[in-house]
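These are my notebook entries on a structure that I looked up. I record each point in the order in which I examined it.

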2 protein chains.
Amino acid sequence: MNFNHLRVFYESARELNFSRAAERLSISQPAVSIQIKQLEAMLQVKLFNKIGNKVFLSGAGKLLLEYAQRIFELENEAEKAINEVKEIKKGALHIGTTKTYAHYLMPNYISHFHALYPGVSIHLSEGSSLEMIQSLFNMQNELAIVASTEYPKPLQATAFGEEEVLLVASPDHILAKKNSITMKELARFPLVMREEGSATRKAVIDMFKKMRLSPAILYEASNLEFIKELLERGEGASFIVRSAVEKELSQGILKEIAISDVSITMRTNIVYVNEDSLSRIARAFIDMLLIWQDE
Amino acid sequence: MNFNHLRVFYESARELNFSRAAERLSISQPAVSIQIKQLEAMLQVKLFNKIGNKVFLSGAGKLLLEYAQRIFELENEAEKAINEVKEIKKGALHIGTTKTYAHYLMPNYISHFHALYPGVSIHLSEGSSLEMIQSLFNMQNELAIVASTEYPKPLQATAFGEEEVLLVASPDHILAKKNSITMKELARFPLVMREEGSATRKAVIDMFKKMRLSPAILYEASNLEFIKELLERGEGASFIVRSAVEKELSQGILKEIAISDVSITMRTNIVYVNEDSLSRIARAFIDMLLIWQDE
DNA sequence: ATTATTCCATAACTTTTATTTATAGACAAG
DNA sequence: CTTGTCTATAAATAAAAGTTATGGAATAAT
């Protein structure tokens, strides 16, 4: 069926007057006559009966009108729904992050975003940086928030905010007694380290390398909670991004040990396939991140 | 929204491959690309994301696909429904008749028609010949089955079958003793007559007039059942169409009195506004009447 | 790794479809 | 019986959809 014909039929059937239907459609009356004649020819059914000057719907016409009504209702609904997506009143955003970000960084951002766009549901998935990058390619996620700084070729990334990586330990730990410490001194103290592949670990090791040092490793663990548990018991010191230990610092459970000669930071990157193909929601999320990083 | 665009989008979204969508639509691939580009421009939303060689639906695209699905389902349903009307598998026929026909003539025809087209519902309305003719103009009825022989100008009519108008009386009535009677003799016997406006009355009176006679009237009544009641009690004789007294004749409650010099008949007419605007159902009904009249 | 193949985008051109203007004819109402 | 209101038709025009040809990017195959 030709929906152009159907739309002309629909208005004509509602008005039962071709001239007025033409006005509503902003076309000329002969256009209406022709379109309806064509539709009747296509369907091989008379849709209107004309008696004298008046137009009536035939049985088939009445039937078709019901369907036309439902079809154009759906059309309106669809346009409304699309507009809501455009205005970010509705929709979904799939973000992939690493564990640390998911736990300590994202909650704030997400609740802030939710306040701005209450109709949008955010789906957060966790995994390694590599997995999250992969998830961009198969469209499972639209954004990946990771710390690594190099990505496969077609990907694009935006840096937002800088995370301090703090040296922390129990207030009872020997290091906590010192006012500050140099990297060289630190190299003598065994550290608790994140697992291989962790961005934090990479940042720390890189910094040691840069100073032509190498750290002593007490334990290696992938679970951040577990590491904090160890530290609280006085078992060594570790580098952790500030946002992940903010609570423990303010509670006095852990203490920051100032490093006098360097400061380790990590850039957070929001990665996506292509700037141009970002949804409005994703764009809004990125915008929010960029504005919020300064606060 | 442009439904041409939507149809192209629909196939593309199902295939997630523009070239295959083009095949399904029997158009070239560039046509698909262009149509989708236009739709995206109209809606101001990206519907597809392209990553390398692969095509994915965007959030808005997924949303639109759902609506498109429902719209094209409705389209199919509509076409199916229209076809059922075309094949007279479904539909309604509104017929207007006079009381006598409705009671004695139509039941047979209608049950026969129903056997042929079980999906069609027949709506029978009763009224005077004039009212039924009126009902054609305001489209309340599509067909009128009446006996009158002249109609307002745009109407068309088909005669079908001929109804004998019989002189009947109780077997105990004086006239019933005679083997036959002439009109001239009959003019002396007071008759029970149908009301003014009745087609039967008109046929009888016309016949008397033609013979330069005028009948004696005993009673006048509009209700045929009432007239038969009177006759059965021996109160006079009356002219009644055969089909309306067939039962009483076979039961011997009433008796036909042969008229030797004339026979009164009434043509039944099926009247409609215009041959060309008749629905297939109405046409089928007329066809059935014309075939059935010979049996 | 180089080649072949798949797939979408773009441009210029053609065909098809929709629409317009002009006009006529049928009714209906004053 | 004339005037205004409708729809139908024809010829011409405008708009939309579609085509062919071609390029480039990405994947798959040799």
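**Entry 1: helices α5 and α12 of chain A**

I began with helix α5 (residues 99–116) of chain A and helix α12 (residues 280–292) of chain A, which pack at an angle of about 120° with their axes 10 Å apart. Axes are lines fitted to C-alpha atoms, for helices over the stretch in contact, and angles run from 0 to 180 degrees between N-to-C directions. The angle makes α5(A) oblique to α12(A); angles under 35 degrees count as roughly parallel, over 145 as roughly antiparallel, 65 to 115 as roughly perpendicular and the rest as oblique. I noted that α5(A) passes α12(A) in a right-handed crossing. A crossing is right-handed if the near helix is turned clockwise from the far one by less than a right angle, and left-handed if anticlockwise.

Which residues make the contact? From α5(A) I listed Y109(A), H112(A), F113(A) and L116(A), and from α12(A) F285(A), M288(A), L289(A) and W292(A). Two residues are in contact if their C-beta atoms, placed from the backbone, lie within 7 Å. The residues of this contact divide into 7 nonpolar, 1 polar and no charged. Here Ala, Val, Leu, Ile, Met, Phe, Trp, Tyr, Cys and Pro count as nonpolar, Asp, Glu, Lys and Arg as charged, and the others, Gly among them, as polar. Helices (H or I, at least four residues) and strands (E, at least two) are DSSP runs, numbered from the N terminus.

**Entry 2: conventions**

I must record that this is a predicted model, in which local features need pLDDT of at least 70 and side-chain atom pairs count only at pLDDT 80 or more, while totals for chains, interfaces and linings use all residues. Residues are numbered from 1 along each chain as its sequence is written, and chains are lettered from A and ligands numbered from 1 in the order in which they are written.

**Entry 3: helices α1 and α4**

In chain A, I found helix α1 (residues 3–15) packed against helix α4 (residues 59–86) at an angle of about 110°, with axes 10 Å apart. Therefore α1(A) and α4(A) are roughly perpendicular to each other. Their crossing is left-handed. On one side stand L6(A), F9(A), Y10(A) and A13(A) of α1(A), and they meet G61(A), L64(A), L65(A), A68(A) and F72(A) of α4(A). I counted 8 nonpolar, 1 polar and no charged residues in this contact.

I then turned to chain B, where helix α1 (residues 3–15) and α4(B) pack at about 110° with their axes 10 Å apart. The crossing of α1(B) past α4(B) is left-handed.

**Entry 4: the two chains together**

How many residues of chain B are in contact with chain A? I noted 33 residues of chain B, in contact with 33 residues of chain A. On the chain B side, β1 (48–51), α4 (59–86) and β3 (91–97) each give two or more residues. The largest share, 16 residues, comes from α4(B). The chain B side divides into 20 nonpolar, 7 polar and 6 charged residues.

Chain B can be laid on chain A with an RMSD of 0.3 Å by a turn of 179° and a shift of 0.0 Å along the axis. The two copies are thus related as by a two-fold rotation axis. The same surface serves both copies, since 100% of the contact residues of chain B recur in chain A. The superposition is by least squares on the C-alpha atoms of residues with pLDDT of at least 70 in both copies.

**Entry 5: the DNA strands**

Around DNA strand C I found 23 residues, the closest being S28(A), G52(A), F18(B), P30(B) and S33(B). A residue is near a strand if its C-beta atom, placed from the backbone, lies within 6 Å of it. The surface near strand C divides into 9 nonpolar, 12 polar and 2 charged residues.

Which residues come nearest to DNA strand D? Of the 22 residues around it, I recorded F18(A), P30(A), S33(A), S28(B) and G52(B). The element that gives the most to this surface is α3(A), with 5 residues.
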